[in-house]
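I opened this notebook to keep track of what I looked up, entry by entry. I begin with a single residue and work outwards from there.

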Amino acid sequence: MRMLPVYMGVLVCGCAAHGVGERPDAVAAAPVAGREVLRFEGMCDASGAVALGGSLFVVGDDEDNILRVYDARRGAPVQSVDLSPDLELPAVKKKPPEADIEAATGLGSLSFWLTSHGRNSSGKKAPSRLRFFATEETDAGPRLVGRPYTQLLDDMLAAPQLARFGLDGAETKAPKAPGGLNIEGMTAMADGRTILVGFRSPVPDGKALLVPLLNPIALVEEGARAQLGEPVQLDLGGLGIRSLSWWRGRYVIISGGTAGEGTSRLFTWRGGEEAPVAVESVDLAGLNPEAFFTPEDAEEILLLSDDGAAPVDGVECKRLKDPARKRFRGVWVRLPESP
């Protein structure tokens with residue numbers, strides 16, 4: 001697991017300071033469920049994030065192929081890198097197709113990124129959305145490591161231990177259709193070698209599906225085929241996984257409906273045979289959390305909201321032409337002490 005130095009953050013919602021306690025620049029926004037909200041500028045659809053060290057984190061956007069590095073104390077990105085030329089995307093006449101980045105995790109010195117692996121909203125095949133790739137941090141920003149891996153869905157469809165979940169049928173549907181295939185969660189596991197992949201949909205038998213990926217580094221550096229472990233199903237109240245992270249000895253999970261219906265919920269899970277525990281003290285009403293910033297030395301975790309559909313001056317955020325007007329929200333929350 002990536003270990004970080006003491007976090008230098010901000011004082012919010014009357015909680016204990018994360019560090020120096022200075023106010024962030026240009027981040028004031030309306031409260032959500034009584035909590036002060038941070039605003040980060042330059043993009044709308046925060047969909048996966050990785051802690052880089054100190055107060056820095058890198059975020060993927062499911063509406064473009066740009067990775068942006070933010071300082072949690074300030075609102076605008078400090079670095080932006082468009083990975084379109086490196087992701088081996090299908091050729092198109094206009095701009096490169098979106099890879100639909102939906103999940104991210106740190107593993108050692110690398111950041112791993114996972115796209116939805118589903119079809120487009122119309123139910124048509126979208127080869128650009130079949131990407132698993134890694135980046136490393138440089139002075140110029142995130143840089144691709146090795147090559148993007150494009151056969152993870154094929155590996156899952158061929159895995160005998162996953163046959164009972166009907167992924168072959170789910171893959172034929174639009175991602176937000178009932179039972180459609182859509183992957184939105186990913187985190188490194190406690191062993192520091194394995195990555196756990198979480199499905200937003202399908203939700204077989206009303207339980208969220210997670211699949212261990214045993215050889216993530218070999219996929220991008222050697223082109224090896226994926227080795228998949230035994231699947232896990234969690235009872236999240238009939239919801240799938242929107243985001244997944246490992247923090248201080250337990251998993252933190254954002255659950256949500258297949259098509260965005262209802263309010264998301266926050267869970268913690270110790271792994272193994274233990275049941276996940278709902279964090280009832282955190283009300284996510286008014287927020288659309290889809291990513292975590294979880295520095296190990298912070299006393300709280302930062303939930304990042306996918307605000308692509310949120311109105312900005314009467315226009316959906318993701319449809320704004322001026323990137324300077326785009327923004328997504330973040331909320332620091334404190335988890336109850338683990339039992």
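**Entry 1: G198 and its sheet.** I looked up G198 first and found its place in strand β11, which covers residues 195-201. I keep in mind throughout that this is a predicted model. At 0% relative accessibility G198 counts as buried, because the cut-off for that class is under 20%. Leaving aside neighbours within four places in sequence, I listed the contacts of G198 as I183, E184, G185, M186, L209, L210, I241 and L244. I also took one C-alpha separation, that between G198 and N182, which are 16 residues apart along the chain and separated by 9.2 Å.

I then asked which strands make up the sheet that holds β11, and in what order. I found an open sheet of 4 strands, in the order β10-β11-β12-β13, with antiparallel pairing. The edge strands are β10 (182-188) and β13, and each of these pairs on one side only. From one strand to the next, I noted a twist that averages 30°. At the β13 end I followed the pairing with β12 (residues 208-213), which is antiparallel and runs over 3 bridges; within it, A208 stands opposite L234 of β13.

**Entry 2: the second largest pocket.** Strand β13 came up again when I turned to the pockets, since I wanted to know which element gives the largest share of the lining of the second largest pocket. That share is 3 residues, and it comes from β13 (residues 232-234). For the volume of this pocket I wrote down about 220 Å³. Its lining has 17 residues, and the closest to the pocket centre are V232, L234, W269, G272 and E273. By class, I recorded the lining residues as 10 nonpolar, 3 polar and 4 charged.

**Entry 3: β15 and its two partners.** Next I asked how many residues of strand β15 (residues 250-256) are buried. The count is 7 of 7, and the strand is mostly covered. I sorted these residues by direction: R250, V252, I254 and G256 point one way, Y251, I253 and S255 point the other way, and both sets are buried.

On one pairing, β15 is joined to β14 (residues 240-247) by 7 bridges, with the two strands running antiparallel. I noted that S243 has I254 of β15 as its bridge partner. The hairpin of β14 and β15 has 2 residues between the strands, and there R248 takes a positive phi near 50°. On the other pairing, β15 and β16 (residues 265-269) are also antiparallel, over 5 bridges, and here I253 has F267 of β16 as its bridge partner.

I stayed in β16 for T268, whose place is in that strand. Is T268 buried or exposed? At 8% relative accessibility, T268 counts as buried. Its contacts, apart from neighbours within four places in sequence, include R250, Y251 and V252, which I had already listed for β15; the others I wrote down are P276, V277, V279 and L335.

**Entry 4: R68 and the sheet from β2 to β5.** I then moved to R68, which lies in strand β4, and found that R68 is buried, with a relative accessible area of 7%. Setting aside residues up to four places away in sequence, R68 touches G42, M43, F57, V58, V59, D61, P77, Q79 and S80. The C-alpha atoms of R68 and P142 are separated by 8.4 Å, although the two residues are 74 apart along the chain.

The sheet around it is open and has 4 strands, ordered β2-β3-β4-β5 with antiparallel pairing. Why is one side of β2 (46-53) and of β5 (79-82) left without a neighbour in the sheet? Both stand at the edges and have a single partner strand each, so one side of each remains unpaired within the sheet. The twist here averages 20° from one strand to the next. I followed β4 (residues 66-71) to β5, to which it is joined by 4 bridges in antiparallel fashion, and noted that I66 stands opposite D82 in β5.

**Entry 5: the whole chain.** Last, I took the totals: the chain has 3 helices and 22 strands, and buried residues make up 56% of its 339 residues. Among contacts between residues at least 6 apart in sequence, I recorded that 56% join residues at least 24 apart.

Conventions: Residues numbered from 1 in each chain as written. Predicted model: local features only at pLDDT ≥ 70, side-chain atom pairs only at ≥ 80, totals over all residues. Heavy atoms only, no water. Buried < 20%, exposed > 50% of the residue type's maximum accessible area, 1.4 Å probe, protein only. Pairing = 2+ DSSP bridges. Contact = heavy atoms within 4.5 Å. Axes fitted to C-alpha atoms, helices over the stretch in contact; angles between N-to-C directions. 1 Å grid on protein atoms, 1.4 Å probe; cavity = no way out; pocket = protein on both sides within 12 Å on 5 of 7 lines; lining within 4 Å. Points joined across faces, edges and corners; volume = space filled by probe spheres on them. Nonpolar A, V, L, I, M, F, W, Y, C, P; charged D, E, K, R; others polar.
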